[in-house]
Amino acid sequence: MTSYRLSKGGQIDRATTLPFTFDGRSFNGHGGDTLASALLANGQQLVARSFKYHRPRGILTAGAAEPNALMTIGTGGRTEPNTRATVQELYAGLEARSQNRWPSLSFDIGAVNGLLSPFLNAGFYYKTFMWPASFWEKVYEPLIRRAAGLGKATNEADPDAYEKAWAHCDLLVVGSGPTGLAAALTAARSGLRVVLADEQPAFGGSLLSDTAALDGLAATEYVARCVDELRSLPNVKLLSRTTVIGWYDSNVFGAVERVQKHVAVPASGQPVERLWRIAAKHAILATGAEERPLVFGGNDTPGIMLAGAMRTYLNRFGVAPGRKVAIFTINDTGYALARDLEKAGVDLVAIIDSRLQSSVPYAGKARVLRNAVVTDAKGGQALSSIQIKQDGRFQSIDVDALAVAGGFSPIIHLACHRGGKPVWSDEQSAFLAPDNLNGLSLAGAAARTGNLADCVAHGSTEALAIATQLGKSGEAISVQVEGDLSGRVEKPLWSIPDNSGKAFVDYQNDVTRRDLDLAAQEGFGHVEMAKRYTTNGMATDQGKLSNINAIALLAEARGVSPAQVGTTTFRPFYTPVSFGALTGAAKGKHFQPIRKSPLHNWAVRNSATFIETGLWYRSAWFARQGETTWRDSVDREVLNTRINAGLCDVSMLGKIEISGKDAATFLDRVYSNGFAKLPVGKARYGLMLRDDGMIYDDGTTSRLAEDRYFMTTTTAYAAGVMSHLEFCSQALWPDLDVRLASVTDQWAQMSLAGPKARTILQDIVDEDIADESFGFLAAREVSLFGGKLRGLMFRISFSGELAYELAVPAGYGESVADALMQVGEPHGICAYGVEALNVLRMEKGFITHAEIDGTVTPADLGLAKMVSATKPDFIGKQMLKREGLSDPLRPRLAGLLPLDPTQGFRAGSHILSKDAAATLENDQGYVTSNAWSPHLQSTIGLALIIRGPERHGEEVVVWNGLYNEFTPGRICDPVFLHAADEKPHA
Amino acid sequence: MPDFQLHHRAALAGVTAINGARIRLTPLPEGTVLQVLGAPAEVGKSGEIADKYGFSVRKNGPADRFWVADQPVSSGFLPEISAQWPELSVVDQSHGRVRIAIEGDAVEDVLAKGTGIDLANFEVGSATTTLIGHIATHITRIAPDRFELMVLRGFAESLWHDLETMIREFI
Amino acid sequence: MASLISCPHCGSRPKEEFEIKGAALPRPAPDAPQSEWFDHVFLRENPRGRYDEYWHHAAGCRRWLVVTRDTASHEVEACRDAAERVPA
């Protein structure tokens, strides 16, 4: 005997038939069904195998707390494991597969674990898998990995879109049951901006399963009336299918809206999930209370479900739980279910009431056994009978469905996300939200036990208090209720003796009552210890149904009150959140913003290969016909630039305009060398230090006018330097008149280097740029193309060749680069990228951030002369004086060559004296940069070596411990090329 | 080579305006953008100067303004301003910043996908810099349903593509 | 960590618009003794409670701010422009 669909009733759309499959078998459901209600309607009660013991499991709940009915939904890139069937909305074509079983759900070999259960109880993994030691890596770990987890994730890419958004409101109401609707209405009517969020597709919460009447209306009609009014108000934002997953600082809430998880093929213009950040002035948690299971033998048998869930399947989905139903209850809500079952024509055979008496008059046909408990349920894959103990005597009743009503725990999780601990109330027999929550309050069943009328009143008065606080006025809502049996506090029944079968506390992790007793017995009775020792509460359901029962059982085992056991730490998220929702739109190419140079298209047209430098796309090299490797291109670019000329895009280096009366003083304070006396029209290379004396960045700053400087930085540190300068100007020296503007994007900047550079440039620059007119380090505004354009030109060189940097307004960059290539063609110009740039600078011993790695001082790089002895103050001055920073044994810059030019070495390799053993004690320094020099026809390197400058000519060994390479080499001058006619100064 | 044809390439030359019933996205012509810096009091008063020349003034910080115009200014303009008002630093950002117009009744919903500003309280005439997704963007509310976005040239295409994704559900 | 910071120039903004430098300590005089400089550069208190920090509204007005927050509760007590001179 199994569950079945009633011929009438429920809020489903019987006119719409939705075909779906479960484990390859075809079924039909109706519009409005969840996967769970549709499976139950089709009599499919066995839906899963448990994690550890592979026990047959059925559907226990009708909502987000479901521990058993976890399935894999969808196919391909849309495969989603561990989906709760109780929250998955049914759609036509849905494919669902059960998990954690082989070969099938009904015949699962893993069930043999049940026989091993004496060895698999709490903490078993601390006591096993230790011997022999060699077995760990080869046997135990692979086995455990295969056994671990429930569902399997797909390796295919997720084809769907995700999105994030912000929302702002005066009041966020979480939950749209009777309490939440009353709160939202009261607040909205008073003029507050309200956001109402509910995890269900329909608003109404518990009212959707209720048969009470409110203000003379059926519960669902009452809901419709409230929602219609809320929809009509412009100051209300309604978010259905939205779970509020976390409460964060500044009263910001995270929420996930399942925009298209209920359709077969999501529309591509919309996301499937939307992550909301909601900034609320106030929030009301109207989240209700979670019904608890009772702990008795075999309480996990398919066919057993929570009483509220049974009521939901009955009233909302028109599904009867079975043909012979029993109710095991500790409170009056069991009788509300009894009434609804019998009204629907379902055969209720017994009500097992743990109390001696109840105030509810029961006039139905079921036997009522008072002062009775269910001690065991039997049936294996499907419930067949229950064993009852009453007045010391046992009896058995045949049933195929059992409702369990174990009492209610307020759903307070969000209120505990910011470090507050819940407070145990003896009076309510429940953990309540912490006190003194700023900006958040609870109402209705989430705050205290009460009936429907209480919930409505409470939600309304809470909202009214908030409205008043925010300067608005309103009216409280109340409601007349009939047929409501809720609201009385009952003593819980934590512990039921005389179980012969396993009594489960945590269904998802297969934690039994015995496991908790064992934990307490073995000294792990502290709530945080017991959690880890037994894994209670650690599954994907996060202990929603198990934590309170476990705390109470631990309390009993330790002989203390639950207040003394306390709860484990609550943290976001309330329910699992997909990585997609957290990623939003920032995936694939959009993972991070792309920053393009104004010369990007010029580079593309010249066949550039790009490399990412932070967010920038930089041209690395420009391949030509016939070149097959990157080295072919780079070697050519390097050689050609020293013979003819090369054009390189350097637009992405940071550019900052510094102006104001005190600009000169300011620069003197941020650079280690002097800038205040830099003549107008000149550029100077500068070092910027950190407070600890280490070099932070290097660059060239030019004085364009008395109070106007143009600073360049490295690409990687452009943003950092700008922030640093702003800090110095605003926080350190606000009395200095300094203005800073980032102009990196305003100027396209290109470097033209090589013997022909001047000739080529003269063709587009209007004024005379002969050496006498535009000498080394000149920096001036220039006129181009017969006055058509103004640019900035700097005679600086990073290649060691005659070189100029030309900056033009970015929109004309491409055009100017084209012009230079055209003019330069007869002179043998080529484009060159950052790879060639790097070789050229290395050949001349120029440094980059490969050498400036955060651990070097100016003296380490042979630049001690760039530290002013006379400036009264500059960043880093004092700490640079530390004794250790002038230690002659600090590694210092030198060049490195392999003895055999056919051999190479890698950056990061370490230096050993010849014949020294490869040990850390013998470490002489390390290689910072290396490249193939087509001029030297050898690998060349720059390195930081102990007494490097004094050891030119010495033979050493370049040692790479990662690759186990030992390369004989020679320390040398870091300036590799001293060509007789190289004259950057001419 | 004084007779070389100089071409200006707009940063958003490769994109097409999008027109939906509820939202429209348009790349704006690259005219003039000046960044005006100085002491807060001076910068605050500079609005009068901007008005005289027909610029729209957009606040960026307590001592930081953008002067915006759809047309480019002559090359002598900046030296003229700097000479007349030496207390202000006027930096040309006409190429460094790119402007995008976004308008329609869904404009607040679209922008809320990127910025945490409460746009319901961001009145016409308000201007500020904020994050839109991961890109710092200057926004000005031109009209109840129209915003102008201003972004570093290097990020213009990237921001445009992000906006294309953000408006998709309203097209 | 606070999710929203109320920048005195821009109003309430998500923390992602800011970069955090560290403790807002006064810089020693240029000629202060080495030991004072050493402490300033390398040593920090780590209080449970009120803490002044330099924050940069990098994706906003680009002003440096001093944010006073409680390191345990994350409550932000104050947020002012770093250029303001606060009475000692």
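Over residues 599-871 of chain A, the predicted model is 26% helix and 29% strand, with the end C-alpha atoms 40 Å apart. That stretch carries the UniProt annotation "domain: GCVT N-terminal", taken from an unreviewed entry. Two more spans of chain A are labelled in the record. UniProt lists residues 501-583 of chain A as "domain: SoxA A3", again in an unreviewed entry. Here the balance tips towards helix, at 46% helix and 6% strand, and the end C-alpha atoms sit 45 Å apart. The third label, "domain: FAD/NAD(P)-binding", is listed by UniProt (unreviewed entry) for residues 170-414 of chain A. This span comes out at 19% helix and 38% strand, and its end C-alpha atoms lie 18 Å apart.

Cutting chain A up by domain assignment gives another view. Domain 1 takes residues 4-118, and domain 2 is pieced together from 162-289 and 410-479. Domain 3 is also in two pieces, 600-652 and 746-832, while domain 4 covers 655-742 and domain 5 covers 886-972. Between the C-alpha centres of domain 2 and domain 5 of chain A there is a gap of 67 Å.

Turning to the interior, the largest nonpolar core runs to 348 residues. Nonpolar side chains tend to be buried together in soluble globular proteins. Within this core, A:Leu171 and A:Leu752 have the most contacts. What does A:Leu171 touch, leaving aside residues up to four places away in sequence? Its partners are A:Ala187, A:Leu192, A:Val194, A:Ala280, A:His282, A:Ala283, A:Ile284, A:Ala463 and A:Ile466.

Two helices of chain A are mostly covered. In α16(A), residues 663-670, seven of the eight residues are buried. The buried set is A:Ala663, A:Ala664, A:Phe666, A:Leu667, A:Asp668, A:Arg669 and A:Val670, so counted because each has 20 or more other C-beta atoms within 10 Å of its own. Strands β37, β38 (683-689), β39 (695-705) and β40 (708-712) of chain A pack against these buried residues, as does helix α17(A) (718-732).

The other helix, α20(A), spans residues 834-843 and has nine of its 10 residues buried. Those nine are A:Val834, A:Glu835, A:Ala836, A:Leu837, A:Asn838, A:Val839, A:Leu840, A:Met842 and A:Glu843. The cover over the buried residues of α20(A) includes strands β34 (608-613), β35 (616-622) and β36 (645-649), together with helix α15 (630-643), of chain A. Strands β49 (925-933) and β50 (938-946) of chain A are also part of that cover. Just past the end of α20(A), A:Gly845 adopts a positive phi of about 70 degrees.

Elsewhere in chain A, three strands make an open antiparallel sheet in the order β12-β11-β31. Its edges are β12(A) (217-218) and β31(A) (481-482), each of which pairs on one side only. Strand β11(A), residues 213-214, is linked to β31(A) by two bridges, with the two strands running antiparallel. On the β31(A) side, A:Val481 is the bridge partner of A:Leu214.

Chain A also meets chain B, in a contact that draws 42 residues from chain A and 38 residues from chain B. On the chain A side, β9 (162-174), β37 (655-659), β41 (739-742), β44 (789-794) and α19 (813-824) each bring at least two residues. Which of these elements gives the most? That is β9(A), with six residues. By residue type, the chain A side of this contact splits into 18 nonpolar, 12 polar and 12 charged.

Chain B has a contact with chain C as well, where 11 residues of chain C touch nine residues of chain B. The chain C side of that contact divides into four nonpolar, two polar and five charged residues.

Chain C itself has one helix and six strands, arranged along the sequence as β-β-β-α-β-β-β. Its C-alpha atoms fill a box of roughly 40 × 25 × 25 Å along the principal axes. Of the 88 residues in chain C, 26% are buried. Among contacts in chain C between residues at least 6 apart in sequence, 48% bring together residues at least 24 apart.

Terms used
Residues numbered from 1 in each chain as written. Chains lettered and ligands numbered in written order. Predicted model: local features only at pLDDT ≥ 70, side-chain atom pairs only at ≥ 80, totals over all residues. Contact = placed C-beta atoms within 7 Å. Helix = DSSP H or I, 4+ residues; strand = E, 2+ residues; numbered from the N terminus. Nonpolar A, V, L, I, M, F, W, Y, C, P; charged D, E, K, R; others polar. UniProt positions renumbered as here; feature names shortened; annotations may be inferred. Pairing = 2+ DSSP bridges. Buried ≥ 20, exposed ≤ 12 C-beta atoms within 10 Å, placed from the backbone. Core = buried A, V, L, I, M, F, W, Y, C linked by C-beta atoms within 7 Å. Domains from an automatic or database assignment.
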